[in-house]
Amino acid sequence: MDPEAFARALGEALAAAGVKIHENAEVTGFRSAGRRVTALRTAESELPCAAVVVAAGMRSPGLLGLLGHRLPLQAGKGYSFSVDLDPAPRHTLYFGERRAVASPIGGTTRIGGTMELSGNNNRLDWRRIVAVALASRHYLGRWFDDPDDLVGLIRDPWVGGRPFLPDGLPVIDRVPGQDNAFAATGHGMLGVTLGPVTGHRLAEYVVTGRRPEALAPFGFDRPRS
Ligand SMILES: Cc1cc2nc3c(=O)[nH]c(=O)nc-3n(C[C@H](O)[C@H](O)[C@H](O)COP(=O)(O)OP(=O)(O)OC[C@H]3O[C@@H](n4cnc5c(N)ncnc54)[C@H](O)[C@@H]3O)c2cc1C
């Protein structure tokens with residue numbers, strides 16, 4: 001799927017349903033009264049809240065730290081880039097043996113892959129781009145000869161961190177010591193797939209105050225392997 005189109009459509013659907021979205025509003029802290037968060041702090045203002053869900057991807061540990069909880073999240077960095085191919089794939093192709101994917105997106109082909117463990121940062125290692133390109137050539141044909149040619153051939157080289165916890169499972173739970181603060185993060189390679197059901201079950205928890213049985217494996221208190 002096209003992640004930008006998905007995020008845009010989701011935002012539009014939420015707005016149509018009456019949800020107010022504050023764009024470009026970085027949460028920098030929380031105002032609390034005892035065990036309850038009463039407002040989110042941003043650079044411009046404070047937003048009063050009845051409950052808060054920390055779902056900030058790789059930046060969740062910083063926010064959870066402000067709520068008194070340490071989360072050992074690690075970035076599994078993935079890379080992608082766009083390239084015009086002829087012929088171009090007409091649907092998504094998964095290159096199983098090389099762990100790479102090619103998708104037609106916005107009139108071009110986006111190729112992505114790799115899992116790099118090099119800290120929680122957005123530093124782009126060009127050698128990874130070359131490795132993904134070489135892996136794709138195995139399936140798509142010899143669309144470039146020399147890796148040095150890639151600089152002129154590809155667009156939008158990108159790196160992003162998949163949020164991972166040590167046992168590979170997400171945490172979807174109330175934050176220990178807090179009455180109305182929750183976390184939903186650590187979905188690793190499956191955050192797009194599992195986001196909707198995570199939101200559905202967590203909303204149930206937030207509204208009723210009772211943890212749905214389905215969320216039992218994803219608690220803060222589970223034994224860590
Ligand atoms: C190359 C690649 C391929 C992938 N392929 C797939 C796939 O095929 N299927 C799949 O299911 N998943 C896939 N994933 C994984 C998926 O992208 C992640 O699991 C998912 O994006 C995690 O979602 P998230 O909402 O937890 O975090 P993010 O997507 O990182 O979103 C966090 C959001 O919080 C915002 N934020 C952070 N800090 C603050 C703050 N202080 N205040 C306000 N906002 C803040 C950020 O701006 C961001 O918008 C892939 C990932 C990569 C890198």
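# A tour of the sheets, the hairpin and the ligand site

Select D173 to begin: D173 stands opposite A183 in strand 11. The model on display is predicted.

**The hairpin.** Extend the selection to residues 171-174, which make up strand 10, and to residues 181-185, which make up strand 11. The two strands run antiparallel and are joined by 4 bridges. Next, display the connection of this hairpin, where 6 residues lie between strand 10 and strand 11. Within that turn, pick G177 and inspect its backbone: phi is positive, at about 85°.

**The ligand.** Now centre the view on the ligand and display its surroundings, a shell of 17 residues. Label V27, G188, M189, G191 and T193, which are the closest. By class, the shell holds 9 nonpolar, 5 polar and 3 charged residues. Two elements deserve colouring here, strand 9 and helix 5 (191-208), since each supplies at least two residues of the shell.

Three backbone approaches to ligand oxygen can then be examined in turn. At G188, a backbone N or O atom lies 2.7 Å from an oxygen atom of the ligand. At L190, the separation between a backbone N or O atom and a ligand oxygen is 3.4 Å. At V192, a polar backbone atom is 3.1 Å from an oxygen atom of the ligand. With a surface switched on, consider the ligand as a whole: on its own it has 1000 Å² of accessible area, and the protein covers 59% of this.

**The three-stranded sheet.** V27, already labelled beside the ligand, leads to the next stop, since strand 1 spans 27-33. Select the open sheet of 3 strands, whose order is 1-2-3 and whose pairing is antiparallel. Its edges are strand 1 and strand 3 (46-48), each of which pairs on one side only. From one strand to the next, the twist averages 30°. Strand 2 covers residues 36-42 and pairs with strand 1 in the antiparallel sense over 6 bridges. To see a facing pair, show R31, which stands opposite A39 in strand 2.

Step back along the chain to N24, in the loop between helix 1 (3-16) and strand 1. The phi angle of N24 is near 55°, a positive value in a residue other than glycine.

**The five-stranded sheet.** Which order do the strands of the 5-stranded open sheet follow? The order is 6-7-8-5-9, with antiparallel pairing. Strand 6 (93-95) and strand 9 (155-164) form the edges, and each pairs on one side only. The twist in this sheet averages 25° from one strand to the next.

Zoom in on strand 6 and strand 7 (residues 100-105), an antiparallel pair with 3 bridges. Here Y94 has V101 of strand 7 as its bridge partner. Then add helix 3 (residues 126-140), which packs on the sheet. Helix 3 touches strand 5 (74-83), strand 6, strand 7, strand 8 (108-116) and strand 9. To view the crossing, align the display on strand 8: the direction of helix 3 makes about 120° with that of strand 8.

**A cis peptide.** For the last stop, select P87 in the loop between strand 5 and strand 6. What kind of peptide bond joins D86 and P87? The bond is cis, with omega at about 0°.

Definitions and conventions. Residues are numbered from 1 along each chain as its sequence is written. This is a predicted model: local features need pLDDT of at least 70, side-chain atom pairs count only at pLDDT 80 or more; totals for chains, interfaces and linings use all residues. Side-chain values use heavy atoms; hydrogens and water are left out. Two strands pair if DSSP finds at least two bridges between them. Axes are lines fitted to C-alpha atoms, for helices over the stretch in contact, and angles run from 0 to 180 degrees between N-to-C directions. Contact means heavy atoms within 4.5 Å. A residue is near a molecule or strand if one of its heavy atoms lies within 4 Å of it. A polar contact is a pair of N or O atoms within 3.5 Å; within protein, one must be able to donate a hydrogen and the other to accept it, and residues adjacent in sequence count only if both atoms are side-chain atoms. Accessible areas come from the Shrake-Rupley method with a 1.4 Å probe; for residues, only the protein chains shown count as cover. Ala, Val, Leu, Ile, Met, Phe, Trp, Tyr, Cys and Pro count as nonpolar, Asp, Glu, Lys and Arg as charged, and the others, Gly among them, as polar.
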